[in-house]
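Biologist: I should like a close look at a single part of this model, followed by an account of what lies around it. Please state the criteria behind each structural term as you use it.

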Amino acid sequence: MCGIVAYSGKKDCVDFLMNGLRLLEYRGYDSAGIAVVNPIGDIEIRKECGMLHMLEKSLSNGPLQGKTGIAHTRWATHGKPTQNNAHPHLSQDKKICIVHNGIIENHDVLRHELKNAGIHFISETDTEVIPHLIARYLSQGMSMKNAFMKTLSRLEGAFAIAMIAKDTPGTIYAARKGSPLIAGFKDNEVFLASDASPFITRTREVLYLDEGDVLIFNGTSSRLFNVSSGRNKKIRTTRLNIKNLSIGLGGHESYTHKEIHEQPEILKRIIRLRLGNNRNAFQMCFNDLKIPDDFFRSIDRIYITGCGTAYHAGYIGKYYFEEFMDLPVEVMLSSEFRYAKPKLNKNNLVIAISQSGETADTLASILEAKKHGSTVLSVVNVLNSSIDRESHGVVYTHAGPEIGVASTKALTSQVITLLLLSIHIAQIRKEFKRKQKNPLLKEIFHLPSKVVKVLQAEKHIRSCALKYHLATSALYLGRHLNFPVAMEGALKNKEISYMHAEGYAAGEMKHGPIALINKALPVICICTASKTYEKMISNIKEVEAREGIIISLATEGDEQVKSFSHEVIYIPETAEELSPILNVIVLQMLAYYFAKHKGNQIDKPRNLAKSVTVE
Ligand code: F6R
C-alpha cells in the first residue's frame with residue numbers, strides 16, 4: 001500500500017525518486033506523484049492518476065529539477081483515485097508539501113477545524129489536513145520543527161510522512177507512527193523510503209524509524225526526535241546485510257510465475273537451514289529464535305494469527321502444533337483478534353505470520369498480545385520489518401522478495417517453517433516422538449524434488465484452466481490439513497482471475513453450498529491420500545450426483561478418483577503433513593492460468609496492495 005520515496009542532497013533527485021517509485025510498485029497503487037524544491041526555490045509538483053507511465057509522461061511534458069524531493073504511489077483509501085487526491089499535497093500557501101502512508105483517523109475533526117479557519121480543501125483525502133495544519137502553526141509563529149511536531153502530536157491513526165518546505169529548501173522532514181519508513185545515509189545525502197529497495201544501491205547505512213520518531217535532515221546533518229517527549233535521540237544506523245534485491249523477471253513472463261517456480265529452491269534452502277544436510281542425523285536449527293526453551297516448556301495455549309494467505313498458512317500450522325503437542329491451539333484472523341478478546345496471559349505463545357512484516361492488523365494483534373503479557377513469535381519474510389522488530393522472537397521464512405501481489409512462495413515457505421517449528425518446539429517439550437516421526441523428517445528432504453514434479457504438470461493445468469476459465473464461480477473443497485488449502489486456492493482464484501470462488505471444508509458442503517452445484521460449476525476437490533480420503537470421496541460423489549464439474553487433485557496412481565472426475569491433476573505420493581504444500585502449488589497454477597486465459601494483469605491485480613498497512 002502507498003509507497004514513499006524521498007531525497008535530500010547534492011544531486012538532482014528526480015530520476016532517483018522515479019526509480020524508487022518503480023521499485024515500490026509491487027505495493028499496489030492507483031495514482032502517483034512527485035514534488036521537488038526547484039532551483040528557484042519553489043515547490044513544483046507533478047501527479048497523475050493511473051500507472052507510473054502516466055507520471056513519466058507528465059514529467060516528459062514538464063520536466064522537474066531539484067535536489068530535495070518527495071514522491072508517492074497512492075492506494076486509495078479516503079477519496080477515489082483521482083489526480084486531486086494523488087499525493088503530494090500542498091498547504092494553501094503552497095509552502096508545505098507532504099506525502100503520507102497510513103490513515104489519519106481524526107481527519108474529519110481536523111478538517112472541520114481547518115475549514116472554520118478559512119482553509120479551502122482541494123482533495124477528499126485524510127492526508128490534506130497535515131500540510132494545512134503545519135502551515136497554520138507556522139502562521140502562528142512556530143518554528144518549522146515545532147509546527148511539524150505539533151501537527152504530528154494531533155494526528156490519530158497511522159502514518160509515515162515525508163515533507164519538504166519552501167522556506168527550508170534543502171531540508172527534509174520525516175516521521176513514523178504505525179507505517180513503515182526507512183532512512184538511508186551517505187555523506188551529505190539522506191534517502192527515505194517505505195522499504196530499502198529504492199536506495200539499496202546508494203547506501204546500506206540505514207535507520208529504521210521507530211514508533212514516534214521524527215527525522216530532520218538540513219542538508220548537512222540529521223537530527224532525530226521523539227514526537228511525544230520532543231527529546232533528541234541518538235541516530236543508531238544499522239548496516240544492511242543483504243544482496244541487492246533481486247527484482248528481475250529472470251526469463252519468466254511475470255513475477256507471480258517466477259515466484260511459483262522458485263518454490264523448490266526456497267523449500268530446499270529452508271529445509272537445509274533448519275534440518276542440516278544429514279538426513280539420518282538431523283539437528284533442528286532455530287538460532288534466530290530468541291525465546292528461551294524454558295518458556296516453550298511453560299506455555300499452556302498457542303494462538304496463531306495472520307491475514308489472507310498468511311492466515312491460511314497459520315491454519316495449516318494449527319494442525320501441526322496440535323498433532324505434535326498436547327496443547328490447545330487457536331487460529332484467528334488478525335483483523336478479528338482484538339475484537340474477539342482472546343483470554344491472553346503470560347503463558348500464551350502468540351505466533352504472528354506475515355510475509356511483509358507490515359500488515360497493520362497483524363501488527364495490532366501483536367501489540368494486543370504484548371499488552372497482556374503474552375510472548376510473540378513471528379514468522380516473517382522481510383527482515384527488520386515492523387512485525388520483526390515488535391516481536392519477542394522471530395523465525396524468518398527466507399523466501400526472498402515477493403513482488404507478485406498474490407502470495408505464492410510466501411505461503412509454502414510459511415507452511416514448511418511452521419511444520420519445522422512445531423517439531424522443534426515439540427522436541428523442546430519432549431512431546432515429539434522422534435522415532436515415530438522419523439519417516440516424516442526423511443520425507444521432508446524429498447519435498448523439493450516432489451515440488452519440481454508438481455510444477456511439471458503446468459501444461460496440463462494450463463489446458464484444464466482453458467476449458468473452465470469462463471466459469472463465473474468455483475467451489476474448492478478439502479478436509480483437515482487441506483481445508484485451508486481449499487480456502488487458499490479460492491483466494492488465489494478470486495485475487496488474480498476475478499472469478500468468484502469459495503473454499504469450503506468438504507464436510508460442510510451439504511450444509512449449504514451444495515445448493516450451488518450445477519453443470520456449470522467447477523468444483524475443485526483436494527483428494528490426495530490422507531486420513532480423510534474416504535470421506536472426501538463421499539463428498540465428491542455428492543458433487544457428481546448433482547452434475548458439477550469435478551476437477552480433482554489426487555495421488556499418483558489413484559484410478560478411483562479419475563473414474564468420476566472430469567479432470568485429474570496428479571500429485572506425487574508424500575507424507576500427509578506435506579500434502580498441503582504440493583496441493584497448493586497446483587491451485588496457484590490453476591488460478592494463474594484462469595487469470596492468464598482471461599488476459600488479466602496477474603502481478604498487480606486490481607484493487608489489491610502487497611503490503612496492507614491500514615486496518
Ligand atoms: C494473498 C495475499 C494477502 C496477504 C495478506 C497478508 O495472496 O497476498 O492475502 O497474504 O495481505 O500479508 P502479509 O503476509 O504481508 O502480512
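The request is made specific below, and one connected reply follows.

Which strands pair with β1, and are the residues of β1 buried or exposed?

Modeller: The structure is a predicted model, in which local features require pLDDT of at least 70 and side-chain atom pairs count only at pLDDT 80 or more, while totals for chains, interfaces and linings use all residues. Residues are numbered from 1 along each chain as its sequence is written, and side-chain values use heavy atoms, with hydrogens and water left out.

Strand β1 covers residues 3–8; strands (E, at least two residues) and helices (H or I, at least four) are DSSP runs numbered from the N terminus. Six of the six residues in β1 are buried, where buried means under 20% relative accessible area, exposed over 50%, and partly exposed in between (1.4 Å probe, protein chains only). The side chains alternate in direction: Gly3, Val5 and Tyr7 point one way from β1, whereas Ile4, Ala6 and Ser8 point the other way. Both of these groups are buried.

Two strands flank β1 as partners, a pair being counted if DSSP finds at least two bridges. With β4 (68–74), β1 runs antiparallel and shares six bridges. Within that pairing, alanine 6 stands opposite isoleucine 70 in β4. The pairing of β1 with β10 (189–193) is also antiparallel, over four bridges, and here tyrosine 7 faces phenylalanine 191 in β10.

These pairings belong to an open sheet of eight strands, ordered β3-β2-β4-β1-β10-β9-β11-β15 with antiparallel pairing. The edge strands are β3 (43–49) and β15 (238–239), each of which pairs on one side only. At the β15 edge, β11 (residues 205–208) is the partner, antiparallel over two bridges; valine 206 stands opposite threonine 238 there.

Helices α1 and α2 meet this sheet. Helix α2 (residues 52–61) packs on the sheet by touching β2 and β3, and its direction makes about 140° with that of β3. Contact here means heavy atoms within 4.5 Å; axes are lines fitted to C-alpha atoms, for helices over the stretch in contact, and angles run from 0 to 180 degrees between N-to-C directions. Helix α1 (residues 14–23) lies across β1, β2 (31–37), β4 and β10. Its direction is at about 160° to β1.

Another sheet can be described in the corresponding terms. This open sheet has seven strands in the order β5-β6-β7-β8-β12-β13-β14, with antiparallel pairing. Its edge strands, β5 and β14 (232–233), each pair on one side only. Strand β12 (residues 213–217) is joined to β13 (residues 222–226) by five bridges in the antiparallel sense, and leucine 215 has leucine 224 in β13 as its bridge partner. Helix α5 (residues 144–154) lies across β6 (96–104), β7 (157–165), β8 (172–177), β12 and β13, running at about 160° to β7.

The loops contribute some backbone details. Most residues other than glycine have a negative phi, and most peptide bonds are trans. Between β4 and β5 (89–90), the loop contains proline 88, and the peptide bond from histidine 87 to proline 88 is cis, with omega near 0°. Histidine 398 has a positive phi, near 50°; this residue lies in the loop between β20 (393–396) and α13 (409–428) and is partly exposed at 29% relative accessible area. Lysine 430 also has a positive phi, near 55°. Its loop lies between α13 and α14 (434–455), and lysine 430 is exposed, with a relative accessible area of 74%.

Cysteine 2 brings the description back towards the start of the chain. It is buried, with a relative accessible area of 9%. A search of the whole structure finds zero disulfides, a disulfide being a pair of cysteine sulfur atoms within 2.5 Å. For cysteine 2, the nearest cysteine sulfur is that of cysteine 49, 13 Å away. Cysteine 527 is likewise in no disulfide, the nearest cysteine sulfur being that of cysteine 525 at 7.5 Å. Cysteine 527 counts as buried at 1% relative accessibility.

In answer to the request, then, β1 pairs with β4 and with β10, and six of its six residues are buried.
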